Amino acid sequence: MNKETTLKIAIQKSGRLSDDSIALLKECGIDMRNVKDRLRTVSENFPIEVFFLRDDDIPEYVEDGVADLGIVGQNVLAEKNRKVITVEALGFGKCRLSIALPKAFNYEGPSSLEGKRIATSYPVIVGEYLKKNNINASVHEISGSVEIAPGIGLADVIVDLVSSGGTLFMNGLKEAEVILDSQAVLISNQQLNDEQRNILDKLLFRIRAVKKAKKNKYVLMNAPNEKLSAIISLLPGMKSPSVLPLAKTGWSSIHSVLSEDEFWEKIEQLKNAGAEGILVVPIEKMIF
Ligand code: ATP
Ligand code: ZN
């Protein structure tokens, strides 16, 4: 590999995606200095350079090749409509872009928006939504504090990002319909060369190992040997569970990996099958 090749990755400078983006790169074993200054930093142990930018600018920079990669919300990606490749969903920054309106508004589906004034920071997505549903409404773009627009008489309805709904509630609004579910994604420029592609593959390999590990737990338990086969039949493991003899004769220790989705159900089944002293440990990386 050419020594000088580094991949430039753009992440949000300061905001809801910043800490998780930095944490992900660190969990991938990428050392970074100066993340506090949030300007630009070069990793010393991985051929990557990090740019800190406003999230709205990231799709454009990646399309133009100023950055090779970026981490950005699907909401911003859909709004900006830039020619980039979505490489991987990252599982953080989850939120939804929703239609919200005053509590007294009787919402009966998209047709209730006919002739209304809609305030949003997402005019492109809202425009497409209205077109798809054949609705005529006026869209007012505002860049922040969209939730106050109905209260001050600027709009009848808003389309804004929601996670818990607390902000809407405080402003006397209710969520009527989800337009888009969003999370942070890794995006790339369309024309990476072979060396750049190689670095991206390495990064992706690490990202997937970190993501996978977060979805799984390492489980250790003890059981009398006569209960082993019943317990083992319940366990998936990466190949099969490890079984080690305990100092106490007739007993074994069983180690396995359980996925988050089936976790509680399995633990109960294992207890019923005779497992004791069950320990659950987080996994840092999982590599296949
Ligand atoms: P910037 O200064 O970089 O433009 P911003 O104010 O546009 O920042 P943030 O509020 O930090 O952006 O949100 C960044 C991204 O985080 C959003 O585009 C969205 O993908 C995601 N996000 C997750 N949860 C929420 C939420 N509850 N409200 C808003 N955005 C959220
Ligand atoms: Zn922004």
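**Close-ups of ligand 1 and the domains around it**

**View 1. Ser163 meets a nitrogen of ligand 1.** In this predicted model, a polar side-chain atom of S163 sits 2.7 Å from a nitrogen atom of ligand 1. Put the protein around it, and 77% of the 630 Å² of accessible area that ligand 1 has on its own gets covered.

**View 2. R54 and D55 reach oxygen atoms of ligand 1.** Here we look at two neighbours in the numbering. R54 places a polar side-chain atom 2.8 Å from an oxygen atom of ligand 1. D55 likewise has a polar side-chain atom 2.8 Å from an oxygen atom of ligand 1.

**View 3. The shell around ligand 1.** There are 15 residues around ligand 1, and R16, R54, D56, N75 and S163 come nearest. Sorted by type, the shell is a mix: four nonpolar, six polar and five charged residues. As for the space that ligand 1 takes up, that is the largest pocket.

**View 4. Two domains share the ligand.** Zooming out a little, the chain is assigned domain 1 (3-91 + 183-213), domain 2 (95-181) and domain 3 (217-282). Domain 1 and domain 2 each give at least three residues to the shell around ligand 1.

**View 5. Domain 2 and domain 3.** For a sense of the spacing, the C-alpha centres of domain 2 and domain 3 are 50 Å apart.

Terms used. Residues numbered from 1 in each chain as written. Chains lettered and ligands numbered in written order. Predicted model: local features only at pLDDT ≥ 70, side-chain atom pairs only at ≥ 80, totals over all residues. Heavy atoms only, no water. Near = heavy atom within 4 Å. Polar contact = N/O pair within 3.5 Å; in protein donor to acceptor, adjacent residues only side chain to side chain. Areas by Shrake-Rupley, 256 points an atom, 1.4 Å probe, with all protein chains shown as cover. 1 Å grid on protein atoms, 1.4 Å probe; cavity = no way out; pocket = protein on both sides within 12 Å on 5 of 7 lines; lining within 4 Å. Sits in = over half its atoms within 2 Å of the grid points. Nonpolar A, V, L, I, M, F, W, Y, C, P; charged D, E, K, R; others polar. Domains from an automatic or database assignment.
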